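Biologist: Before we discuss details, could you put the sequence and the structure in front of us?

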Amino acid sequence: MAEVVVDTPVPPRSTVGDESRDWRKALTGVGLLAPAIVIAIIFSIIPLIYLINVSLTRESTFFFNNPQYTFDNYRLIWNRYLPHVWTTIRLATLASLFCLIFGYPFAYILVRKVQYRDLVRILMTFPLFGPLYLTYGIRFVFGVNGPLAPLFDFIGVDSRTLLFAYPEQMTIFGMAVFTFPFMVMNVVAALTNVDPTLEEAARTLGSRPWQVFTRVLFPLSWPGVLAGFLICFGWNLGVFIVPMLLGNIEQQRVLSLALYQKAMSQFDYGLGSAMGVVLMLLAFTVTWLSLRFSRGALAT
Amino acid sequence: MKIDQRFIEHFAATAEKRRYTRRQVVRAGVGLGLSAAAIGSVLARPAFAQDSSASPAAAGPVLDPISGAEMSYDDIVAAIQAEGEVTVGNWTYTATDALIERFEQYVSDVYGVDVTLNYLGTQQPSTYLTELYAAAGAGNTPPHDLLAIEENYWAEVRAQEEAEGVTLLADVLPSGLIPNADRVFENFTQFPTAVGFQASASPGITYNNDNVDFLNDWTDLADERLKGKLLAWLPGDITGGGVLLGVIAAQGGDYKNPDDVAEGIRFLVEEVHPNVLKYTTDTSEAQQLLKDGVVDAVTFWNSLARLQYLDGQENAAFLVAASGQYAVNGYMFMPVGAAHPILAQIFMDWRLSDDAQFPDIEVWGITEGNWAEFQEGFMGESYVDLVPDWIKDVYFNFFPTPEQLSTQYKSVDWAYYVENASAWYDEWLAGIGL
């Protein structure tokens with residue numbers, strides 16, 4: 001008897017539920033992202049477009065009656081304010097390096113050695129109260145008749161002119177103190193994820209301390225170093241009160257200070273906005289370059 | 001009991017003599033341990049009773065130019081109750097609790113209403129204008145009911161009005177609510193939109209007269225004996241602008257002549273700049289460095305000399321330049337559409353009153369230094385006799401006489417200044433490398 005194979009029809013699988021689930025998934029994703037997108041549009045994208053728009057106008061006001069669109073503001077920055085751009089980059093870079101040089105060992109000790117690290121972390125965040133307070137504090141400490149004046153006089157440094165004799169150093173120091181916590185916190189986060197046994201293994205295999213640092217510790221903590229450096233650099237690009245109060249002509253020649261003067265004192269919102277766009281482009285460029293050269297280290 | 005009563009009598013007499021406010025009576029009474037009944041008996045005296053006779057509307061309705069309405073005393077009280085607060089933009093150093101308390105007490109005493117004075121201070125008054133323009137551009141209510149800042153900022157707003165074809169300032173003067181404006185010399189008024197509250201403010205040179213005896217005019221800032229001993233205000237606002245105008249005048253030039261301006265800037269860049277230890281925008285730095293002898297001269301405002309003097313630096317002096325000073329006084333002006341126009345006008349009137357022009361340091365609870373910051377010369381003839389005894393002997397060392405005000409203090413064509421100042425600053429800043 002021939003075997004009869006009955007091809008039992010399989011009822012078509014309903015896709016109604018799947019589609020609904022897919023939609024729900026998609027909607028959930030969009031729904032979760034929506035607040036962030038809305039906030040980004042309102043507080044970031046729209047102001048950015050507005051800033052760029054104003055930067056392309058000459059002698060514009062908030063009234064925008066018959067704005068004249070031009071690239072003159074950017075031309076002026078190129079012709080007149082390029083030294084300001086370089087000074088801005090120089091000070092921000094040096095201050096960020098200062099943070100790295102002193103912040104890395106500090107972070108290492110904090111992670112590996114310090115018993116009350118939470119307390120130290122809390123104390124370390126004090127500079128974040130603001131560059132204004134910090135700068136006045138530094139000026140008081142290092143200034144004429146400040147608490148360190150006897151010490152400086154004792155070692156032969158004229159405390160009356162200390163702030164004026166070393167304006168570059170004082171400015172970089174002031175900028176670095178403010179951003180120091182950003183560097184330390186990022187490096188601490190990175191070092192916390194580095195297994196201490198890797199260092200021990202390297203030492204056991206004969207590596208010297210500097211080799212442990214350069215071949216094990218630093219490469220593994222690189223994402224944190226980079227993140228810390230970028231944040232420090234970004235902050236230091238825009239800070240103007242520190243160079244204003246601690247610097248002299250050479251340090252006061254920063255874009256943020258020129259921006260403040262042009263926009264807030266002289267009401268040239270077009271040029272001020274153009275300077276703002278340049279500062280932002282600087283920050284974006286550095287971030288992009290760093291990500292590129294670190295091969296996505298931040299993503300790891 | 002008899003002794004207690006004598007004590008209360010003595011306290012009341014002292015409070016009357018020192019023109020205590022009702023709030024001060026309560027505070028002092030509590031501090032002295034007086035009972036509530038005793039304090040109440042002092043407050044019941046006519047000197048501390050609500051004094052509606054001090055209101056401009058005491059004799060009858062007065063015109064409010066903002067609404068165009070005649071307002072009786074009761075109308076004003078109702079308007080104050082409805083407004084409840086007023087926001088004034090001024091400078092950092094005058095935005096003190098003493099001033100706020102005194103004005104609030106004044107409103108309470110005269111109108112029987114408790115109000116809040118939001119008194120804002122900044123060292124960069126231009127930020128107020130940015131906020132005003134931003135609000136006007138967006139069609140919002142202006143953030144300040146009244147601005148009390150330098151005259152050039154008033155001119156800047158007027159220029160903005162003209163350029164943009166918009167109305168930013170209210171025509172508030174003359175006003176029945178501001179009768180004290182009639183006491184002010186005409187050259188300190190900009191009717192219908194503004195009235196001065198300072199008479200002798202001027203950017204200038206404050207110096208240490210123990211170390212410096214060669215300053216006579218603005219051009220002496222180039223004297224090589226000042227090398228590394230001069231603290232200069234950063235060019236970019238009216239403080240630096242006043243210095244530039246002064247230098248041009250000292251060179252015999254005219255700030256309306258571009259060649260003279262160019263020569264003035266060249267002089268500041270090539271002759272004065274080498275003497276500059278530092279450029280600053282920080283008043284406290286100027287005070288500290290002058291007091292500590294790090295610098296011998298500071299280009300700032302005339303008030304610095306008397307502040308330093310009253311702070312114990314007796315060798316601080318202000319140079320009234322041989323070629324004259326440019327007056328850059330504080331003016332009060334009200335943005336159009338201000339949310340609290342009645343209280344703003346009452347504040348304007350109060351600011352020109354005897355009490356606010358020549359504060360009693362004991363009544364106000366302020367230091368002599370604070371007083372020197374509030375006081376800025378005679379606004380009119382009716383103020384001349386108000387100089388308090390404690391400073392009478394040295395008053396004219398730091399403040400000009402009415403005659404000097406008319407002979408040595410020059411006025412500025414602010415419309416011209418506003419139109420050209422930005423280019424001047426640019427040239428000057430570029431010259432010194434900024």
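**Helices, sheets and loops in two chains**

Modeller: This is a predicted model, and a loop of chain A makes a good starting point. Asn145(A) is placed in the loop between H5 and helix H6 (149-154) of chain A.

Biologist: Is Asn145(A) buried or exposed?

Modeller: Asn145(A) has a positive phi of about 65 degrees although it is not a glycine. Exposure needs a relative accessible area over 50%, and because the value for Asn145(A) is 59%, the residue counts as exposed.

Biologist: Phe267(A) is likewise not a glycine and has a positive phi, of about 60 degrees; is Phe267(A) buried or exposed?

Modeller: Phe267(A) sits in the loop between helix H13 (255-265) and helix H14 (269-293) of chain A. The limit for a buried residue is under 20% relative accessible area, and since Phe267(A) has 11%, this residue is buried.

Biologist: Turning to helix packing in chain A, how are H5(A) and H8(A) oriented to each other?

Modeller: The axes of helix H5 (residues 131-142) and helix H8 (residues 167-192) of chain A come within 10 Å and cross at roughly 135 degrees. Because angles over 145 degrees are needed for roughly antiparallel and 65 to 115 for roughly perpendicular, the value of roughly 135 degrees makes H5(A), relative to H8(A), oblique.

Biologist: Which residues of H8(A) take part in that contact, and how many of the residues of the contact are charged?

Modeller: H5(A) passes H8(A) in a right-handed crossing. From H5(A) the contact draws on Pro131(A), Leu134(A), Ile138(A) and Phe142(A), and from H8(A) on Met170(A), Phe173(A), Gly174(A), Val177(A) and Phe178(A). Of these residues 8 are nonpolar and 1 is polar, and the number of charged ones is none.

Biologist: Thr135(A) also belongs to helix H5 of chain A; which residues does Thr135(A) touch, leaving aside those up to four places away in sequence?

Modeller: With a relative accessible area of 1%, Thr135(A) is buried. Once residues up to four places away in sequence are set aside, the residues that Thr135(A) touches are Ile241(A), Val242(A), Leu245(A) and Leu246(A).

Biologist: In chain B, which strands stand at the edges of the open sheet of 5 strands?

Modeller: The order of the strands in this sheet is S10-S9-S11-S8-S12 (chain B), and the pairing is mixed. On average, neighbouring strands are turned by 30 degrees against each other, direction ignored. Two strands have a single partner strand each, so one side of each is left without a neighbour in the sheet, and these are S10 and S12 of chain B.

Biologist: How many residues of S10(B) are buried, and which residue is the bridge partner of Trp233(B)?

Modeller: Strand S10 (residues 276-280) of chain B is mostly covered, with 5 of its 5 residues buried. S10(B) and strand S9 (residues 230-233) of chain B pair in the parallel sense over 4 bridges. In S10(B), the partner of Trp233(B) is Thr280(B).

Biologist: Within this sheet, in which sense do S8(B) and S11(B) pair, parallel or antiparallel?

Modeller: H11(B) lies across S8, S11 and S12 of chain B and runs at about 165 degrees to S12(B). Pro203(B) has Trp301(B) as its bridge partner in S11(B). Strand S8 (residues 203-208) and strand S11 (residues 297-301) of chain B are joined over 5 bridges, and their sense is antiparallel.

Biologist: The sheet of 6 strands in chain B has the order S4-S3-S5-S14-S7-S6 with mixed pairing; which are the edge strands?

Modeller: An edge strand of this sheet pairs on one side only, and that holds for strand S4 (116-122) and S6 of chain B. The edge strands are therefore S4 and S6 of chain B.

Biologist: Which strands of that sheet does helix H5 of chain B touch?

Modeller: Strand S3 (residues 85-91) of chain B and S4(B) pair in the parallel sense over 7 bridges, and Trp91(B) stands opposite Thr122(B) in S4(B). Helix H5 (residues 97-111) of chain B packs on the sheet, with a direction that makes about 150 degrees with that of S4(B), and the strands touched are S3 and S4 of chain B.

Biologist: What is omega for the peptide bond from Phe191(B) to Pro192(B)?

Modeller: Pro192(B) is found in the loop between S6 and strand S7 (194-196) of chain B. The bond from Phe191(B) to Pro192(B) is cis, with omega near 10 degrees.

Conventions
Residues numbered from 1 in each chain as written. Chains lettered and ligands numbered in written order. Predicted model: local features only at pLDDT ≥ 70, side-chain atom pairs only at ≥ 80, totals over all residues. Heavy atoms only, no water. Axes fitted to C-alpha atoms, helices over the stretch in contact; angles between N-to-C directions. Parallel < 35°, antiparallel > 145°, perpendicular 65-115°, else oblique. Left-handed = near helix turned anticlockwise from the far one by under 90°. Contact = heavy atoms within 4.5 Å. Nonpolar A, V, L, I, M, F, W, Y, C, P; charged D, E, K, R; others polar. Buried < 20%, exposed > 50% of the residue type's maximum accessible area, 1.4 Å probe, protein only.
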